[in-house]
There are 2 protein chains.
Amino acid sequence: MKDGPDIARIAALIGDPARANMLMALMEGGALTATELAQIAGVTPQTASAHQARLAEGGLIRQRKQGRHRYAELASPQVAAVLQALMGLAAASGHLRQRPGPRDADLRRARICYDHLAGEMGTQMFDALLARGHLIRRDEELDLSEEGAAFAREFLGSDPEPQSRAPLCRECLDWSERRSHLAGRLGRAMLARMIALGWARRVEDSRVICFTGEGERQFQALFSS
Amino acid sequence: MKDGPDIARIAALIGDPARANMLMALMEGGALTATELAQIAGVTPQTASAHQARLAEGGLIRQRKQGRHRYAELASPQVAAVLQALMGLAAASGHLRQRPGPRDADLRRARICYDHLAGEMGTQMFDALLARGHLIRRDEELDLSEEGAAFAREFLGSDPEPQSRAPLCRECLDWSERRSHLAGRLGRAMLARMIALGWARRVEDSRVICFTGEGERQFQALFSS
DNA sequence: ATAATGTTACGACTATCATCGAAATATGAA
DNA sequence: TTCATATTTCGATGATAGTCGTAACATTAT
């Protein structure tokens, strides 16, 4: 009966918390499988699959079937633009979230954000790398300096997934700290290395990352400002 | 459990058809009352009032109470940006709407768009006024020229609601024609005058505007290109 | 004061849909 | 093949919330 584009249909698709979380995860630019999205959204794979189908039908994501996996990625930059606008509005509305951040103290301290380190320790590492000139910000882009590359090679033992075409360094807004932490291939590799070194481990069925006493010491030695 | 701004809450607010229609109407920039929004959204005043309250609580609109009316307007340009992005995506998705315009032929011919004339005849009138220099477009604004003002005075018999501070002329996107028609105080006055002259009448319980044979003739005499 | 109109509050009904358990299907690994 | 993993289908359940009728409240008009 009304005229105008069907904006409600699309908004309703984004309006479900689970789907919104899935889309936010896809905002990073990568392609994720249904089970990965399920973990991120905190639902079972079945529901995630259903959501994925609805999002695809609504034209918000594209699906690439590859082997027994079904990867999902944002359908177009316009979708990202909508999400970006929504994030801006949500942040400006003060409606950052009912709880201004993860409520658990452990979650606020150190947690996993999809695949990299977030929380107080995440922002601390990010700030330290930036202060030392290992990371360089240039117009919305984040680059690794010469010294930064050397540091990463030494710490990681190798280059992080050199074959991937996902960005090496990316800023990711930390909503408990309201500041940035490091995402991208380097962010993922850094966290993986810390776990491999025994500095920290993931807590079962939670996003909490628990550092050992020794791990905390080493971390502070490396990233104290 | 998740981090990030609460984008789902806001999207869910826009996700309801009634609320989406209300917001789209407010996109014009004006302030509308609850009953006006109810008519536009096709719901009863009670539900419109409830929706208005939820939109205000969600920070999408601001309310100004004035006498026994409660005017609603978009809270910020950021809200408009979100709606704009959604419209762009919806249009690009081909999801213009299940039906690309009002399905009824009569609706496509001439209908009421809130308070002014829309449809083929609406765009025809708009184009004619523009072609003759009665209306002048200057950077997104729409103004009435000297000749246009004279024409309006003659046709209307008086100036349209000179006391109001709403814009006199405004462009309104016509989604069955995908072109502009005339809104604003002048658009409202023009339609009211045509009805007063007996050229046309509203069809009960519909948005259709039915022109008489003589009314159609007069209309074509005035606004043929 | 009385009536008329705009708005809001309450209560109830209803439909939509998100969610999950169980099971089926598809693909890859051994 | 047989087993394991990823994904999808089906059915059922449960909760959210959109809707309206009735009525109260607020404000303006007569």
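In the predicted model, a polar side-chain atom of B:Thr35 is placed 2.9 Å from a phosphate oxygen of DNA strand C, and the backbone of this strand is also approached from the other chain, where a polar side-chain atom of A:His51 lies 2.5 Å from a phosphate oxygen. Both residues belong to the group that comes nearest to DNA strand C, which also includes A:Arg54, B:Ser49 and B:Arg70, out of 20 residues around the strand. A base of DNA strand C is reached as well, since one of its base oxygens is 3.0 Å from an N or O atom in the side chain of B:Arg68. Of the atoms of DNA strand C within 4 Å of the protein, 75% belong to sugar or phosphate, the rest being base atoms.

The surface near DNA strand C draws at least two residues from each of helix 2 (17-26) and helix 4 (45-57) of chain A, and likewise from each of helix 3 (34-41), helix 4 (45-57) and strand 2 (69-74) of chain B. Among these elements, helix 4 of chain A gives the most, with 4 residues. When sorted by class, this surface holds 10 polar, 6 charged and 4 nonpolar residues.

For DNA strand D, 20 residues surround the strand, and the closest of them are A:Thr35, A:Ser49, A:Arg70, B:His51 and B:Arg54. The side chain of B:His51 has an N or O atom 2.6 Å from a phosphate oxygen of DNA strand D, while for the side chain of B:Arg54 the corresponding distance to a phosphate oxygen is 2.8 Å. A base oxygen of DNA strand D, in turn, is 3.4 Å from an N or O atom in the side chain of B:Arg68. Two or more residues of the surface near DNA strand D are given by each of helix 3 (34-41), helix 4 and strand 2 (69-74) of chain A, and by each of helix 2 (17-26) and helix 4 of chain B. Here helix 4 of chain B gives the most, with 4 residues, and the surface divides into 4 nonpolar, 10 polar and 6 charged residues. Sugar or phosphate accounts for 72% of the atoms of DNA strand D within 4 Å of the protein.

Within chain A, helix 1 (residues 7-15) packs against helix 2 at an angle of about 90 degrees, with the axes 6 Å apart, and the two helices are therefore roughly perpendicular to each other. The contact is formed by A:Ala12, A:Leu13, A:Ile14 and A:Gly15 of helix 1 together with A:Pro17, A:Arg19, A:Ala20 and A:Leu23 of helix 2. By class, this contact comprises 6 nonpolar, 1 polar and 1 charged residues.

How values were computed: Residues numbered from 1 in each chain as written. Chains lettered and ligands numbered in written order. Predicted model: local features only at pLDDT ≥ 70, side-chain atom pairs only at ≥ 80, totals over all residues. Heavy atoms only, no water. Near = heavy atom within 4 Å. Polar contact = N/O pair within 3.5 Å; in protein donor to acceptor, adjacent residues only side chain to side chain. Nonpolar A, V, L, I, M, F, W, Y, C, P; charged D, E, K, R; others polar. Axes fitted to C-alpha atoms, helices over the stretch in contact; angles between N-to-C directions. Parallel < 35°, antiparallel > 145°, perpendicular 65-115°, else oblique. Contact = heavy atoms within 4.5 Å.
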